[in-house]
Amino acid sequence: MSKRTLITIKDGQRRFNHRIAGLAFRDGHVLVHRAIHETFWTFPGGRAEIGETSAETLMREMQEELGVDAVIGPLLWIVENFFDYEGKAWHELGLYYRMEVPDHFPFHPSDIIHRNEDGKNSLEFKWVPATREALIALDIPPYFIADEIEALPASPKHIVWHDGDLDDK
């Protein structure tokens with residue numbers, strides 16, 4: 001296996017990140033995850049690696065984090081997101097896809113359904129109602145998705161967004 005090269009550029013207190021994420025739906029819910037040390041949730045995914053397509057990144061991340069083969073659907077959003085997190089200014093280029101996880105992947109409308117234990121990078125996953133109200137209550141960046149979760153775009157949308165200071169959320 002070759003050395004992994006994630007697409008992140010660091011410049012003092014500034015960071016550039018290329019993130020790929022997926023929105024999986026089941027029974028009116030959407031799958032979210034968070035690192036156990038964070039207060040906010042987000043949509044599953046991760047950093048792209050040099051030499052892989054965005055769909056390959058999302059498939060790899062779902063295999064690593066969930067142990068499943070996800071089916072990658074249409075691209076929903078291309079997001080230039082600017083935010084502060086852990087004392088650093090982030091410029092993140094995010095691609096958000098619709099995706100399907102296999103039917104055998106657990107579903108429960110209120111419990112943590114999966115944990116990926118890896119020290120500080122440990123993740124937990126749960127299903128939440130795919131509604132504006134639920135996403136706002138759970139504090140899920142990028143925050144514009146709450147306004148669009150109930151009517152996903154029919155074609156990819158380019159968004160320039162400023163999430164603010166995630167440490168204050």
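Modeller: A surface patch is built from residues that have over 30% relative accessible area and no salt bridge, with like charges joined within 9 Å and nonpolar side chains (Val, Leu, Ile, Met, Phe, Trp, Tyr) joined within 5 Å. Accessible areas come from the Shrake-Rupley method with a 1.4 Å probe, and for residues only the protein chains shown count as cover. This is a predicted model, in which local features need pLDDT of at least 70 and side-chain atom pairs count only at pLDDT 80 or more, while totals for chains, interfaces and linings use all residues. Residues are numbered from 1 along each chain as its sequence is written, and side-chain values use heavy atoms, with hydrogens and water left out.

Biologist: What makes the patch formed by Asp84, Glu86, Asp167 and Asp168 negative or positive?

Modeller: Asp84, Glu86, Asp167 and Asp168 form a negative surface patch, because Asp and Glu count as negative and Lys and Arg as positive, whereas His and the chain ends are not counted. The place of each charge is taken as CG of Asp or CD of Glu.

Biologist: Why is Asp167 called buried, exposed or partly exposed?

Modeller: Buried means under 20% relative accessible area, exposed means over 50%, and partly exposed lies in between, for a 1.4 Å probe and protein chains only. Asp167 is at 42%, and therefore counts as partly exposed. Its place is in the segment after β9, where strands (E, at least two residues) and helices (H or I, at least four residues) are DSSP runs numbered from the N terminus.

Biologist: How do you know that Arg60 forms a salt bridge with Glu49?

Modeller: A salt bridge is a side-chain nitrogen of Lys or Arg within 4 Å of a carboxyl oxygen of Asp or Glu. The closest N and O atoms of Arg60 and Glu49 are 3.5 Å apart, so the pair meets that limit. Arg60 is in helix α1 (residues 54–66) and Glu49 in the loop between β4 (45–47) and α1, so that the pair, 11 residues apart, links distant parts of the chain. Glu49, Glu52, Arg60, Glu61 and Glu64 are linked in a network of salt bridges, and the count by this rule comes to 9 salt bridges.

Biologist: Why is Arg60 called buried or exposed, and what is the case for Glu49?

Modeller: Arg60 has a relative accessibility of 16% and therefore counts as buried, and Glu49, at 11%, counts as buried too.

Biologist: What makes Asp147 and Arg132 a salt bridge?

Modeller: The closest N and O atoms of Asp147 and Arg132 are 2.6 Å apart, so the definition is met. Asp147 lies in helix α3 (residues 144–148) and Arg132 in helix α2 (residues 132–138), so this pair ties together parts that are 15 residues apart in sequence. Asp147, at 51% relative accessible area, is exposed, whereas Arg132, at 42%, is partly exposed.

Biologist: What is known of Ser155 and what it touches?

Modeller: Ser155 has its place in the loop between α3 and β9 (157–165), and its relative accessible area of 46% makes it partly exposed. Contact means heavy atoms within 4.5 Å; leaving out residues up to four places away in sequence, Ser155 touches Leu75 and Leu76. The C-alpha atoms of Ser155 and Pro74 are 8.0 Å apart in space, although the two residues are 81 residues apart in sequence.
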